[in-house]
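Biologist: Please show me the model. I want to ask how its labels are earned.

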Amino acid sequence: MFNDLSWSVVLDDPGRSFLLHGAWVSLQLAVLAIIGSTVVGTLVALGRVSTAPALAPLRWLLSAYVEFFRNVPLLVQLVFWSFGMFSLDLVRAAAAPLNPVYSNQFLAGLLGLTIYTSAYVAEALRSGIQSVPRGQLEAARAGGLGYWAAMRAVVLPQAFALAFPAIGNQYISATKNTSVVMAIGVTDVVFQAQQIESATFAAFEAYTAALVIFVVICLAESALLALVVRGMLTRVRPGVRTAAPTPALES
């Protein structure tokens, strides 16, 4: 059975070049979605934990944002952004300056992944912020810091350290979720494996190669995030030894 397999279709050109290009596209999507979801998720989490009465409508809107995007399947969101939003002339015009580098399909996939992941990051970080004793914020404000300065300098570093295992799992999930963007025409690893299979009928070899690429990427990412968790815990809690066990990250 296995003697009939021809691994040259993925180990030699042009198949190898297709897969490397797809891996590069998937990595770009993952990195940009992680950065974007961290920024958006942090802003959403800060807005949700604010206790100012004047910000009550904003808290309601941000809660709706989190619940809505966490409960709509990612594929549905990607289809909406790609075939819905990017069908509008205004959106295509706004994206035009980026088109020499990224296609509209890539941008739609990135937007969908970022918004979807940011909802989970926001919820994890909100729990981390609420886990930091309230007295630390009050002490920082009593020392002369404003609310947002105290959050940035005192609360957020601890909150990120506490929530980072959960946030890191979302980063890994975002990396794996890049495989869904092939449904909207993004030339990621799965898309390229499909092209190889269509041209050579070597389905087992093509999709096995895509599987191996994702396993390598996600295991490397998991190891890197574990080091980041260890470093964050050591920095915000100087008494924690670097040899102390680090919360596990799912891969």
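The two of us go through the labels one by one.

Biologist: What kind of model is this, and how do you know how confident the predictor was?

Modeller: The model is predicted. The protein averages a pLDDT of 89. Of the residues, 92% score at least 70. The scale runs from 0 to 100.

Biologist: Where does pLDDT stay under 50?

Modeller: Over residues 239–248. For that stretch the model has twelve contacts beyond four places in sequence. A contact here means heavy atoms within 4.5 Å.

Biologist: How many helices and strands are there in the protein?

Modeller: Ten helices and zero strands. Along the sequence the pattern reads α-α-α-α-α-α-α-α-α-α. The C-alpha atoms fill a box of roughly 70 × 50 × 30 Å along the principal axes.

Biologist: What does UniProt list for residues 23–225?

Modeller: An unreviewed UniProt entry gives "domain: ABC transmembrane type-1" for residues 23–225. In the model, that span is 80% helix and 0% strand. Its end C-alpha atoms lie 20 Å apart.

Biologist: Where does UniProt place the feature "transmembrane region"?

Modeller: The unreviewed entry places it at residues 20–47, 68–86, 106–125, 145–167 and 206–229. Take residues 20–47: the span is 100% helix, with end C-alpha atoms 40 Å apart. Residues 68–86 are 74% helix and 0% strand. The end C-alpha atoms of residues 68–86 are 20 Å apart.

Biologist: Now the packing. Why are α2 and α3 called oblique to each other?

Modeller: Start with the angle. The axes of α2 (residues 15–49) and α3 (residues 56–70) cross at roughly 135°. Roughly antiparallel needs an angle over 145, and roughly perpendicular runs from 65 to 115. The crossing angle falls under neither heading, so α2 and α3 are oblique. The two axes come within 9 Å, and the crossing is left-handed.

Biologist: Which residues make the contact between α2 and α3?

Modeller: On α2, Val-40, Val-44, Gly-47 and Arg-48. On α3, Arg-59, Leu-62, Ser-63, Tyr-65 and Val-66. By class, the contact of α2 with α3 has five nonpolar, two polar and two charged residues. Gly counts as polar here.

Biologist: What makes α4 and α6 oblique?

Modeller: The angle again. The axes of α4 (residues 74–84) and α6 (residues 104–131) cross at roughly 135° and come within 8 Å. With roughly antiparallel reserved for angles over 145, α4 and α6 are therefore oblique. The crossing of α4 and α6 is right-handed.

Biologist: Which residues of α4 and α6 make that contact?

Modeller: From α4 come Leu-74, Gln-77, Leu-78, Trp-81 and Ser-82. From α6 come Ala-108, Gly-109, Leu-111, Gly-112, Leu-113, Ile-115 and Tyr-116. The contact of α4 with α6 divides into eight nonpolar, four polar and no charged residues.

Biologist: And α2 with α6: why is that pair oblique?

Modeller: The axes of α2 and α6 cross at roughly 40°. Roughly parallel needs an angle under 35, so α2 is oblique to α6. Their axes come within 5 Å. α2 passes α6 in a right-handed crossing. The contact of α2 with α6 has 16 nonpolar, eleven polar and three charged residues.

Biologist: Turn to the backbone. How do you know that the peptide bond from Asp-13 to Pro-14 is cis?

Modeller: By its omega, which is near 5°. Most peptide bonds are trans. Pro-14 sits in the loop between α1 (8–11) and α2.

Biologist: What makes the phi of Phe-201 worth a remark?

Modeller: Its sign. Phe-201 is not a glycine, yet its phi is positive, about 65°. Most residues other than glycine have a negative phi. Phe-201 lies in the loop between α9 (189–200) and α10 (203–236).

Notes
Residues are numbered from 1 along each chain as its sequence is written. This is a predicted model: local features need pLDDT of at least 70, side-chain atom pairs count only at pLDDT 80 or more; totals for chains, interfaces and linings use all residues. Side-chain values use heavy atoms; hydrogens and water are left out. Axes are lines fitted to C-alpha atoms, for helices over the stretch in contact, and angles run from 0 to 180 degrees between N-to-C directions. Helices (H or I, at least four residues) and strands (E, at least two) are DSSP runs, numbered from the N terminus. A crossing is left-handed if the near helix is turned anticlockwise from the far one by less than a right angle, and right-handed if clockwise. UniProt positions are given in the numbering used here, feature names are shortened, and annotations may be inferred rather than shown by experiment.
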